[in-house]
Amino acid sequence: MTERATELIERLGTVQRAARRRHATAADLSLAQLDALVYLAGCNRFSDTPAAVALFLDATRGTTSQSLLALERKGLVTRSADARDRRVQHLRPTAAGRRIAAAASADDLSAGLRGLSAPELTALERGLERVLRSTQRARGGRSFGECGTCAHLRGAESGDMSCGLTGEPLSPDETHLRCAEHAPV
Ligand code: SF4
């Protein structure tokens with residue numbers, strides 16, 4: 001019963017990877033470098049560290065470090081030390097890096113998804129999210145979700161939002177970014 005769904009997800013993944021590879025070639029990047037850049041353009045300020053990039057991409061820290069150094073050399077990412085803990089490094093895409101990440105995210109699959117009605121899209125997102133979460137739970141991976149589905153979010157009702165884990169305030173824009181510390185409700 002699940003074979004067709006598995007086949008479709010696999011096929012979509014292949015289509016998506018082929019599109020991402022084309023964007024990487026056009027931007028003179030490796031696929032791993034573009035994946036890291038796209039992740040950094042969509043993550044929050046608690047998740048822009050080399051360790052979080054490696055976790056998200058399921059890559060070794062050594063391989064990720066090489067990709068991040070290449071992105072820095074190409075002027076697509078900047079690195080800065082954390083204000084409280086100088087051992088922690090933050091990586092942020094430059095304007096040029098964000099442009100490349102945005103182009104790679106608006107690919108063939110996005111065009112197909114825009115053809116769905118709002119209820120169809122919502123149902124698809126919910127279903128896929130459940131599949132992703134249960135698969136990650138079974139494999140011990142992190143969810144990398146957004147604040148709206150996180151057990152640590154505080155103040156959602158009042159609009160005065162903050163993170164219960166870090167104690168820091170969250171702007172509405174930040175709550176739509178990926179987080180390495182996300183704990184699914
Ligand atoms: S509320 Fe959850 S997802 Fe949002 S910043 Fe805190 S830990 Fe991350």
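**Exercise 1. Determine how the residues of the shell around the ligand divide by class, and list these residues.**

Solution. In this predicted model, the residues of the shell around the ligand fall into seven nonpolar, three polar and one charged. To see where these classes come from, take the list itself, which runs Asn-44, Phe-46, Cys-147, Cys-150, His-152, Leu-153, Cys-163, Leu-165, Cys-179, Glu-181 and His-182. Glu counts as charged, and Phe, Cys and Leu count as nonpolar, so that Glu-181 can be picked out of the list as the charged member.

**Exercise 2. Locate Gly-145 and decide whether Gly-145 counts as buried, partly exposed or exposed.**

Solution. Begin with the position along the chain: Gly-145 belongs to the loop that joins α7 (118–139) to β3 (153–154). Next, consider the surroundings, where, leaving aside residues up to four places away in sequence, Gly-145 touches Cys-150, Cys-179, His-182 and Pro-184; of these, Cys-150, Cys-179 and His-182 are also listed around the ligand. Finally, Gly-145 has 19 C-beta neighbours inside 10 Å and therefore counts as partly exposed, since the buried class requires 20 or more.

**Exercise 3. Identify which elements give two or more residues to the largest nonpolar core, and which of them gives the most.**

Solution. The largest nonpolar core holds 22 residues, and Leu-37 and Leu-40 have the most contacts inside it. Two or more residues each are supplied by α2 (31–41), α3 (50–57), α4 (61–73) and α5 (95–105), with α2 giving the most, namely seven residues. A second, separate core of six residues includes Cys-147, Cys-150, Leu-153 and Leu-170, and Cys-147, Cys-150 and Leu-153 appear in the list around the ligand as well.

**Exercise 4. Describe how α2 and α4 pack, and state which residues make the contact.**

Solution. The two helices pack at an angle of about 80 degrees, and their axes are 9 Å apart. Because this angle falls in the range from 65 to 115 degrees, α2 is roughly perpendicular to α4. On the side of α2 the contact is made by Ala-32, Gln-33, Ala-36 and Leu-37, and on the side of α4 by Thr-63, Thr-64, Ser-67, Leu-68, Ala-70 and Leu-71. Sorted by class, the contact has six nonpolar, four polar and no charged residues.

**Exercise 5. Find where Asp-28 and Asp-58 lie, and decide whether they are buried or exposed.**

Solution. Asp-28 is in the loop between α1 (3–26) and α2, and although not a glycine, Asp-28 has a positive phi of about 60 degrees. Asp-58 is in the loop between α3 and α4, with a positive phi of about 55 degrees. Asp-28 has 9 C-beta neighbours inside 10 Å and so counts as exposed; Asp-58, with 9 such neighbours, also counts as exposed.

Note on methods:
Residues are numbered from 1 along each chain as its sequence is written. This is a predicted model: local features need pLDDT of at least 70, side-chain atom pairs count only at pLDDT 80 or more; totals for chains, interfaces and linings use all residues. A residue is near a molecule or strand if its C-beta atom, placed from the backbone, lies within 6 Å of it. Helices (H or I, at least four residues) and strands (E, at least two) are DSSP runs, numbered from the N terminus. A residue is buried if 20 or more other C-beta atoms lie within 10 Å of its own, exposed if 12 or fewer, and partly exposed in between; C-beta atoms are placed from the backbone. Two residues are in contact if their C-beta atoms, placed from the backbone, lie within 7 Å. A nonpolar core is a set of buried Ala, Val, Leu, Ile, Met, Phe, Trp, Tyr and Cys residues joined through C-beta atoms within 7 Å. Axes are lines fitted to C-alpha atoms, for helices over the stretch in contact, and angles run from 0 to 180 degrees between N-to-C directions. Angles under 35 degrees count as roughly parallel, over 145 as roughly antiparallel, 65 to 115 as roughly perpendicular and the rest as oblique.
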